[in-house]
Amino acid sequence: MWLMYVIFILIGIFNLIAPEAAWYLSRGWQFKDAEPSDAALIMTRIGGGAAILIGFVLLFS
């Protein structure tokens, strides 16, 4: 079960470090010549931070 939490944390780190790549992998591939908005990048980073926090809480509880 702990492996799932670690993967959750790693995905969160990826979202924080490379929000454009994370956006492209989740939604950008569906559109032709699309660029993420600033709001989409901010939400991707916030989601990554939340994923890291939740992953650590579940890992150490």
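**Exercise 1. The pairing of α1 and α2**

Task: In this predicted model, determine how closely the axes of helix α1 and helix α2 approach, at what angle they cross, and which residues make the contact.

Solution. Begin with the axes: those of helix α1, residues 2-17, and helix α2, residues 19-26, come within 5 Å and cross at roughly 115°. Angles of 65 to 115 degrees count as roughly perpendicular, and α1 and α2 are therefore roughly perpendicular to each other. Next, list the partners: α1 contributes Phe14, Asn15, Leu16 and Ile17, while α2 contributes Pro19, Ala21, Ala22 and Leu25. Sorted by class, the contact of α1 with α2 has seven nonpolar residues, one polar residue and no charged residues.

**Exercise 2. The pairing of α2 and α3**

Task: Describe how the axes of α2 and α3 cross, and sort the residues of their contact by class.

Solution. The axes of α2 and α3 come within 9 Å and cross at roughly 95°, which makes α2 roughly perpendicular to α3. On the α2 side of the contact stand Pro19, Glu20, Ala22 and Trp23, and they meet Ala40, Leu41, Thr44 and Arg45 in α3. By class, the residues of this contact of α2 with α3 divide into five nonpolar, one polar and two charged.

**Exercise 3. The buried side of α2**

Task: Identify the buried residues of α2, decide how they are arranged around the helix axis, and state what they pack against.

Solution. The buried residues in α2 are Pro19, Ala22 and Trp23. Seen down the axis of α2, these buried residues fall within an arc of 100°, so they line one face of the helix. A general rule helps in reading such a pattern: an α-helix has 3.6 residues a turn, so residues three or four places apart point the same way. As for their surroundings, the buried residues of α2 pack against α1 and α3.

**Exercise 4. The two faces of α3**

Task: Compare the span of helix α3 with the expected value, then work out where its buried residues and the exposed residues of the opposite face lie.

Solution. Helix α3 runs over residues 38-59, and its 22 residues reach 31 Å from the first C-alpha to the last, close to the 32 Å expected at 1.5 Å a residue. Its buried residues are Ala40, Leu41, Thr44, Gly48, Ala51, Ile52 and Gly55. They cover an arc of only 120° around the axis, which puts them on the same side of α3. What covers these buried residues includes α1 and α2. The face of α3 turned away from its buried side carries the exposed residues Asp38, Ala39, Met43 and Leu53.

**Exercise 5. Two residues of α1**

Task: For asparagine 15 and tyrosine 5, establish whether each is buried or exposed, and find which residues each contacts beyond its neighbours within four places in sequence.

Solution. Asparagine 15 is found in helix α1, and at 17% relative accessibility it falls under the 20% cut-off and so counts as buried. Leaving aside neighbours within four places in sequence, asparagine 15 is in contact with Ala22, Thr44, Arg45 and Gly48. Among these partners, Thr44 and Gly48 belong to the buried residues of α3, and Ala22 is one of the buried residues of α2. Tyrosine 5 also has its place in helix α1 and is buried, with a relative accessible area of 17%. With neighbours within four places again set aside, tyrosine 5 is in contact with Gly55, Leu58 and Leu59. By contrast, tyrosine 5 and methionine 43, which are 38 residues apart in sequence, lie 21 Å apart in space, C-alpha to C-alpha.

**Exercise 6. Aspartate 33**

Task: Locate aspartate 33, describe its phi angle, and state whether it is buried or exposed.

Solution. Aspartate 33 is found in the loop between α2 and α3. Its phi is near 55°, a positive value in a residue other than glycine. With a relative accessible area of 75%, aspartate 33 is exposed, the cut-off for this class being over 50%.

**Exercise 7. The whole chain**

Task: Summarise the helices and strands of the chain, its dimensions and its share of buried residues.

Solution. The chain has three helices and zero strands, and read along the sequence it follows the pattern α-α-α. The C-alpha trace spans about 45 × 20 × 15 Å along its principal axes. Of the 61 residues, 26% count as buried. Finally, among contacts between residues at least 6 apart in sequence, 68% join residues at least 24 apart.

Methods
Residues numbered from 1 in each chain as written. Predicted model: local features only at pLDDT ≥ 70, side-chain atom pairs only at ≥ 80, totals over all residues. Heavy atoms only, no water. Axes fitted to C-alpha atoms, helices over the stretch in contact; angles between N-to-C directions. Helix = DSSP H or I, 4+ residues; strand = E, 2+ residues; numbered from the N terminus. Parallel < 35°, antiparallel > 145°, perpendicular 65-115°, else oblique. Contact = heavy atoms within 4.5 Å. Nonpolar A, V, L, I, M, F, W, Y, C, P; charged D, E, K, R; others polar. Expected span 1.5 Å × (residues − 1). Buried < 20%, exposed > 50% of the residue type's maximum accessible area, 1.4 Å probe, protein only. Arc of directions from axis to C-beta.
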